[in-house]
Amino acid sequence: MSCVAPEKISVRAQSRPALARERARVARELLADCRFCAHDCGVNRLAGETGLCHATADARFFLAQTEVSDELELIPTFAVALSGCDLRCDFCITGASSWNPRAGLGFDVATMAKRAEAALNQGATTIMLLGGEPTIHLPAALEFVSRLPDSAKLIWKTNAHGSTQARELLDGMFDVWLADFKFGNDVCAQRLAKVSDYVRVVQENLLWANDHSELIVRHLLMPGHVECCWRPVAEWLAENLPEVKVNLRSGFWPAWKAARHAELRQTVSDLETRRAGEIAGEFGLNLIP
Amino acid sequence: MKKRANELNTELLILPDGRILVQNLTQPMAEILRQLNPHDKQIAPRVSPRQASPLTHQKS
């Protein structure tokens, strides 16, 4: 005789689209007291209030196309980038759209789902939702998932600054979490992205994501931040997520407001790239291309 | 130039030392880059995915 609780059987029996539809409804109601990210603003976005991300209840997107620039195991991917973000990284390569949730076009989930399905039929192997930061548009993200084939491989590209509430709503919705671990300490996080308590929040999200889905951790090497940011990230990953796939990216591009910081006015040097690779080797990380 | 969300977009940054950084690489642009440098081992798997090594690039 089975001892599995009936409600668990019910959850498992539901298709992802059906579950996403239910979650989307809940998420939209939660916009009245928005706590999707770790800023925990508690504003009523349904009434037009905005928090630190400045996003209203309406999602917009600034890019939707099939790309081949992500991890090899994920490409070609149909990438959909939602406008707006809860972080304020001065070096953000899509800063104009990521800092402005009103950038781009209205996100019509039905139309976008049709485009995504067409992309799959034309050779894309995955569908990736990113930003900006998609967490701040959780209702639209879940509505989008509810319109996609149950069999599609879905990627959640995130800054890993989401809340417990967001994670609960996302549980089981995406096959892969592709999560950034940008800063190795809270001082750099505060200075470059105006976010406090960054390291704890990201680590909490990464541990959760690793338990609930496939996880790939990304770290974008920044000039002058190999020892203060990459080394502690690598050390933590080695200790806490030793088998996790890590993509160490060396193509830092001094974009947006990077020039506010002297060390970010350049690309990463060959020496820094080599040093970062040595650190990865030192900690035995599972690097992927 | 203002980008339109419904158009294909790839951005390139060509560095003084000849390196090219790529953002939002599409398959057509990957094919162009491979034609420019057929021996580049980093671009090849992007043109025909699931074969080999990485490309230097950055994304949000």
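## A walk through chains A and B

Helices α9(A) and α10(A) are roughly parallel to each other, because angles under 35 degrees count as such and their axes cross at roughly 25°. That is the opening stop on this tour of a predicted model.

**Stop 1: the helix pair.** Select residues 226-240 of chain A for α9 and residues 270-282 of chain A for α10; the two axes come within 10 Å. Look along the pair and you will find that α9(A) passes α10(A) in a right-handed crossing. Now show side chains where the helices meet. From α9(A), pick A:V226, A:W230, A:R231 and A:A234. Their partners in α10(A) are A:E272, A:R275, A:A276, A:I279 and A:A280.

**Stop 2: all of chain A.** Zoom out and color by secondary structure: chain A has 10 helices and nine strands. Along the principal axes, its C-alpha atoms fill a box of roughly 55 × 50 × 40 Å. How does the radius of gyration of chain A agree with that of a compact globule? For 289 residues the globule would have a value near 19 Å, and chain A has 19 Å, so the two agree. Buried residues account for 51% of the 289 in this chain. Turn on a contact map if your viewer has one: among contacts between residues at least 6 apart in sequence, 71% join residues at least 24 apart in chain A.

**Stop 3: the sheet.** Hide the helices of chain A and keep the strands. Nine of them form an open sheet with mixed pairing. Walking across, you pass β3-β1-β2-β4-β5-β6-β7-β8-β9. Which strands sit at the edges? They are β3 (105-106) and β9 (286-287) of chain A, each of which pairs on one side only. As a reminder, strands of a sheet pair through backbone hydrogen bonds, either parallel or antiparallel.

Go next to the β3 edge and select β1, residues 60-67 of chain A. Two bridges join β1(A) to β3(A), and these strands run antiparallel. Label A:F61 and look across to β3(A): the residue opposite is A:L105.

**Stop 4: helix α5.** Select residues 138-146 of chain A. Is this helix mostly covered or mostly open? It is mostly covered, with nine of its nine residues buried. From one end to the other, the buried residues are A:L138, A:P139, A:A140, A:A141, A:L142, A:E143, A:F144, A:V145 and A:S146. To see what lies over them, bring back the surroundings: the cover includes the helices α2 (16-30), α4 (109-121) and α6 (164-170) of chain A, along with the strands β4 (126-130) and β5 (154-158).

**Stop 5: A:R147.** Step on to the loop between α5 and β5 of chain A, where A:R147 is found. A:R147 has 18 other C-beta atoms within 10 Å; it is partly exposed, because a buried residue needs 20 or more and an exposed one has 12 or fewer. Leaving aside residues up to four places away in sequence, A:R147 touches A:V109, A:A110 and A:A113. For a distance check, draw a line between the C-alpha atoms of A:R147 and A:L105: they are separated by 19 Å, and the residues are 42 apart along the chain.

**Stop 6: chain B.** Finally, switch to chain B, which has two helices and two strands. Trace it from the N terminus and the elements run β-β-α-α. Of its 60 residues, 35% count as buried. Among chain B contacts between residues at least 6 apart in sequence, 19% join residues at least 24 apart.

Definitions and conventions:
Residues are numbered from 1 along each chain as its sequence is written. Chains are lettered from A and ligands numbered from 1 in the order in which they are written. This is a predicted model: local features need pLDDT of at least 70, side-chain atom pairs count only at pLDDT 80 or more; totals for chains, interfaces and linings use all residues. Two strands pair if DSSP finds at least two bridges between them. Helices (H or I, at least four residues) and strands (E, at least two) are DSSP runs, numbered from the N terminus. The radius of gyration is taken over C-alpha atoms; the globule rule is 2.2 Å times the number of residues to the power 0.38. Two residues are in contact if their C-beta atoms, placed from the backbone, lie within 7 Å. Axes are lines fitted to C-alpha atoms, for helices over the stretch in contact, and angles run from 0 to 180 degrees between N-to-C directions. Angles under 35 degrees count as roughly parallel, over 145 as roughly antiparallel, 65 to 115 as roughly perpendicular and the rest as oblique. A crossing is left-handed if the near helix is turned anticlockwise from the far one by less than a right angle, and right-handed if clockwise.
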